[in-house]
Amino acid sequence: MAGKLRVLPLGGLGEIGKNMTVLEYEGSIVIVDTGLRFPAPDQLGIDLVLPDFAYLRDRVDDIEAIFITHGHEDHIGALPYVLRELDIAPPIYGGPLTMAMARSKLDEHKLKDQSVEYMRPGDVRTAGPFEVEAIKLAHSIPDMYAYALTCDLGTTLLTGDYKFDQTPVDGVPADISRLAELGNEGILLLCGDSTNADRSGWSLSESLVGPKLEETFSRCEGRIVVTSFASNIHRVQQVVDAAELLGRKVALVGRSMRKNVNIGSQLGHIHIPEGMLVEPREIQDFPDHKLIILSTGSQGEPLSALRRMAHGDHQHVRLHKGDTIVFSATPVPGNERAVNDTIDRLFHIGADVVTPREAPIHASGHGYAEEIKLMLNLTNPRYVMPVHGDYKRIKLHGELAEAVGIEPEAIFSGDNGLPLEIDADGASFGEPEQAGMIFVDGLDVGDIEDVALRDRRMLSADGIFIVVATVSEQSGRSVAEPEIIFRGVPFVDEEDQFMVDLRGAVIGSLARSAQDDIREIDLIQSRLHDDVAAFVYKKRKRRPMVLPVVVEV
Ligand SMILES: [Zn+2]
Ligand SMILES: [Zn+2]
């Protein structure tokens, strides 16, 4: 007598990011993916956004294993936090590259004792009542696996992120025959990627990007800076190949770019010819027309290499007229503003900018509508619960399922925290469980109330300093006497020598930033914040809230 299967998404629905799904059967739990999201611009002071996994707190003893589909942050990024906060050390499985990335994350978080185990395509692992099989699919990062989780009741297929690329750069396309086999055996539930459900037709093959990049590069006379996702190792390979053909060398800039290329080369996913790489510190002395710089920052991320170049404060790269910046990526929804801002800065410097709007130099890693239909037809599921998408794309994915002949009653447009419950009699949504966001602020994990509460605690105990500084856009130097406003600060009054010294600390911080050639407002502000907070703590052992406001003129 088969029991009841519960499939509970804790993240990834109604949003693009922080994917995490909990499968429960006979009291046992298997987790697929533990992803994160980057904070929205209005979530000030927050470093990362994680799925709220409070539901698992009372169930830690039931967790049998964690399976990770691939190494993108929206699938793997919350792993160290989940392990640490729940204080668990279950078996962790994934492809070789995925597990290499997990290893490096766990080491960074000092979780050295936690082991990870890699699976090959077709491998099966037992986790409680589930047999879990890894199925190779193609995506914008190597070693992307879908998981087929089979219990007495049937098989649930979580696709992870995929496209049906017939000519992937690594020559290993999706295991279509296995998907079809599973379809013939009978899939109970399909939870598929909805990211591009709104795009008709088929996605571009990754292999077509290489020749287009080469074509674009061949028109450039000066230096070329290419930016793409650091984890898109196939794209990195195509840039390296194009560079070789055009007789240019490659410099890798940005920490995650260097790290991913390193891991990718060790695992044989990327091949860089001997003598091809130029060290970042050699960039300035290298002839412009002989160089391609591969950089992070395609999403306009605040501290990324490209953003710093655009603001003229990158340690090794000074952009100038004649340089061409090639965006081999499109902005993830939510990042458009930051990307546009970066692009405009680049034009201001006098550089040329090429984006996927001007040339097909980017291919999405997510299948379009026809590919989603192909997945549905191959696997022929009894029930469908679209995942990995905002509400619009989840709805559109449902419409695609209907279009290929799945009964509307068998399509479940879910939400985070809403468990789909399946037994021998049918499927329906159960009672909602706690789900939402938790925040990482420095090393602390908490919900939004915790952050607000901490702010209020600081305010009530030690008050607030607002520091207003005016700096020159050209030189980054302070051009007016900084203003310091304070409220509710119990340990200082206006005439105090402390205020004079504090002003000195502010001027010192601004001068140091100017000296280090920092012109990015965010960075000047964050250094000002740290310097003022450190000064106040040193002098008075107090921690007031410090709000730096830097105005550019
Ligand atoms: Zn992905
Ligand atoms: Zn994803």
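The 4 donor atoms around the zinc ion (ligand 2) subtend angles of 90 to 161°, which makes the arrangement irregular, a label for four donors that are neither tetrahedral (all angles between 85 and 135 degrees) nor square planar (opposite donors over 155 degrees apart and all others between 65 and 115). I should say early that this is a predicted model, in which local features need pLDDT of at least 70 and side-chain atom pairs count only at pLDDT 80 or more, while totals for chains, interfaces and linings use all residues. Residues are numbered from 1 along each chain, chains are lettered from A and ligands numbered from 1 as written, and side-chain values use heavy atoms, without hydrogens and water.

The protein donors of this zinc ion (ligand 2) are Asp74, His75, Asp161 and His388, at 2.1 to 2.2 Å, where a donor is an N, O or S atom within 2.8 Å of the metal (3.2 Å for Na, K and Ca), and sites may look incomplete since water is not among the atoms. The zinc ion (ligand 1) is 3.4 Å from the zinc ion (ligand 2), and Asp161 coordinates both. Asp161 and His388 are each buried, that is, under 20% relative accessible area, with exposed meaning over 50% and partly exposed in between (1.4 Å probe, protein chains only).

Let me turn to the aromatic rings. Phe67 and Tyr93 are stacked, because their ring centres lie 4.9 Å apart and their planes meet at 25°; rings of Phe, Tyr and Trp (its six-membered ring) pair within 6.5 Å between centres, with planes under 30 degrees apart stacked, over 60 edge-to-face and the rest tilted. Phe67 is buried, at a relative accessible area of 0%, and Tyr93 is buried at 8%.

Technical notes
Tetrahedral: all angles 85-135°; square planar, octahedral: opposite > 155°, others 65-115°.
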